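User: I am new to this structure and would like a close look at a single part of it, the surroundings of the ligand. Please take me through them in one connected account.

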Amino acid sequence: MTDYLIVGNGVAGTTAAEHIRKLDDNGNIIIITDEDFPFYSRIRLPEYIANEISEERLVIKKENWYTNLRIDLKLNTRIIGADAKDKVLIADNDQKFSYDVLLIAAGSHSFLPPIKGLERKGAFTLRNVKDARDILAYTQNVQEVVLIGGGLLGLESGNALRKIGKTVTVVEFFPRLLPRQLDVDGAKELQNIMEKMGFSFRLDARTQEIIGNTHVEGVLLEDGDLLPGQMVIISAGVRPNMELAELLGLDVDKGIKVDNNLKTNQLDIFAAGDVAEFKGAPYGIWPAAAEQGEVAGVNMTGRSTLYAGTTMSNKLKVVGVDLASAGNIDVDHQMESRVVKEEKLYKKIIFEENKIVGCIMLGDTTGFNKVVKAMSEQKDVSPIKDDILAKGFDFNLI
Amino acid sequence: MDKYVCSICGYVYDPEEGDPENGIEIGTAFVDLPDDWVCPVCGASKEDFEIEE
Ligand SMILES: Cc1cc2nc3c(=O)[nH]c(=O)nc-3n(C[C@H](O)[C@H](O)[C@H](O)COP(=O)(O)OP(=O)(O)OC[C@H]3O[C@@H](n4cnc5c(N)ncnc54)[C@H](O)[C@@H]3O)c2cc1C
């Protein structure tokens, strides 16, 4: 009987466990997490902060799912030690877990840039349900919020706080919003739309210090401007949780390096999800973590299935703003593309050798899933290149 | 009956399979799913689904 051990009960770890059980009815499956919650949706944390859903509604797999699949979920347990030779992990409560096959699905954490004043009360990041609880509990005495980082997460958390009546200013050091998802024109249009919703933006701006006494009172920018705010949320990207990889002596770069079996450089140790680096970079998105979790789970049972990569795609989940982008967005307009620009509408499809390699859809995301599918399948789309952005185009023709 | 795809994670709701694990019987049309049903893969709500032709 095989002992399967999984560190991390996010989407990568949970999906792996599910697939292991499908293929191995007898093995012992243990999932370890330092959180106090079964598998839940990080994606919906902003809705929870906006008081739109309860904590229970975040949960994706309830207790009976674990019972039915005979998956042993250890909550509130943090792995702090490891012995790769004896194949044992050690937890902060001194418990020892031995394994035959190990999956590291430890996810990532919020990156904290070196800004002065981060320790003041009222400065937060958002990664897990505990962060969300802390933010929500602190909102009572807050009127103005400053968001550091104008990426997807920053805009979504900002929007959640706007919905509960806070005044929101977003500080971004790039000269445009969503630098990784939008080009200049797209970002400008998005900014217009969001300013009408009540957001303020400070672009091309650097934070000097979070000021205040014990509590946050505002954010000082490098150009000398002071933005008043009783709460600051920093969303400056994420970094993989690599402590375990170091303890085990795994090969790492930006994440834990994995091959197309999701194997690390050590026998019987796999990695998947935000923590894993496949072909040069960790993905940091849910669909990639799910696909990797599946492949890792299958391979952990001794079978062999290959991971071919996931198409990078993102959607902004702000009601009233339809925005999705995928793949190479051709920031410098160097590639072959088709563009439509109208009031509140910006669409761009990027081609390479008659295949779609990227897209931006703002104001109307109809057909986005089909475009992403065509990208993943590397379909030749030459017959419809000139029609694809026409009004009422039937995306089934892709 | 139409299939629906989750725009967040790509999960496809297929009425022929239902979602028995979450109490949805085989043969339940997407429109008949309860309003509080969520994507079993990523937790997205019903509004995040699009029809898959
Ligand atoms: C607010 C928010 C919104 C998001 N929205 C989207 C979106 O719309 N679309 C999208 O694609 N992605 C989104 N993401 C990103 C997405 O959530 C991640 O890509 C995904 O959660 C990665 O899953 P994972 O299983 O790799 O890791 P995680 O979900 O991070 O899970 C890892 C788990 O391991 C635990 N852990 C780590 N180290 C240890 C240890 N030593 N001992 C015990 N436990 C440990 C962690 O506490 C955590 O619970 C969002 C993220 C956030 C925070």
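Analyst: What follows describes the surroundings of the ligand and then the domains of the chain. The model is predicted, and its ligand has 32 residues around it, of which D34(A), E35(A), R42(A), R127(A) and K317(A) come nearest. When the residues of this shell are sorted by character, 15 are nonpolar, 10 are polar and seven are charged.

Several contacts to oxygen atoms of the ligand can be picked out one by one. R127(A) places a polar side-chain atom 2.8 Å from a ligand oxygen, while D274(A) has a backbone N or O atom 2.8 Å from an oxygen atom of the ligand, and I285(A) likewise has a backbone N or O atom, at 3.5 Å from a ligand oxygen. The ligand taken alone exposes 1,000 Å², and the protein buries 93% of that area.

Among the helices of chain A, α1 (11-23) and α8 (286-300) each supply at least two residues of the shell, with α8(A) giving the most, namely three residues.

Seen at the level of domains, chain A is divided into domain 1 (3-109 + 238-300), domain 2 (123-234) and domain 3 (314-397), and the shell draws at least three residues from each of domain 1 and domain 2 of chain A. Domain 2 of chain A also meets domain 3 of chain A, with 19 residues of domain 2 in contact with 22 residues of domain 3, and the two domains bury about 1,700 Å² between them, 66% of it on carbon and sulfur atoms. Of the area that domain 2 buries against domain 3, E156(A), Q181(A) and D183(A) supply 29%, more than any other three residues.

Terms used: Residues numbered from 1 in each chain as written. Chains lettered and ligands numbered in written order. Predicted model: local features only at pLDDT ≥ 70, side-chain atom pairs only at ≥ 80, totals over all residues. Heavy atoms only, no water. Near = heavy atom within 4 Å. Polar contact = N/O pair within 3.5 Å; in protein donor to acceptor, adjacent residues only side chain to side chain. Areas by Shrake-Rupley, 256 points an atom, 1.4 Å probe, with all protein chains shown as cover. Helix = DSSP H or I, 4+ residues; strand = E, 2+ residues; numbered from the N terminus. Nonpolar A, V, L, I, M, F, W, Y, C, P; charged D, E, K, R; others polar. Domains from an automatic or database assignment. Contact = heavy atoms within 4.5 Å. Buried area = accessible area lost by both parts, 1.4 Å probe.
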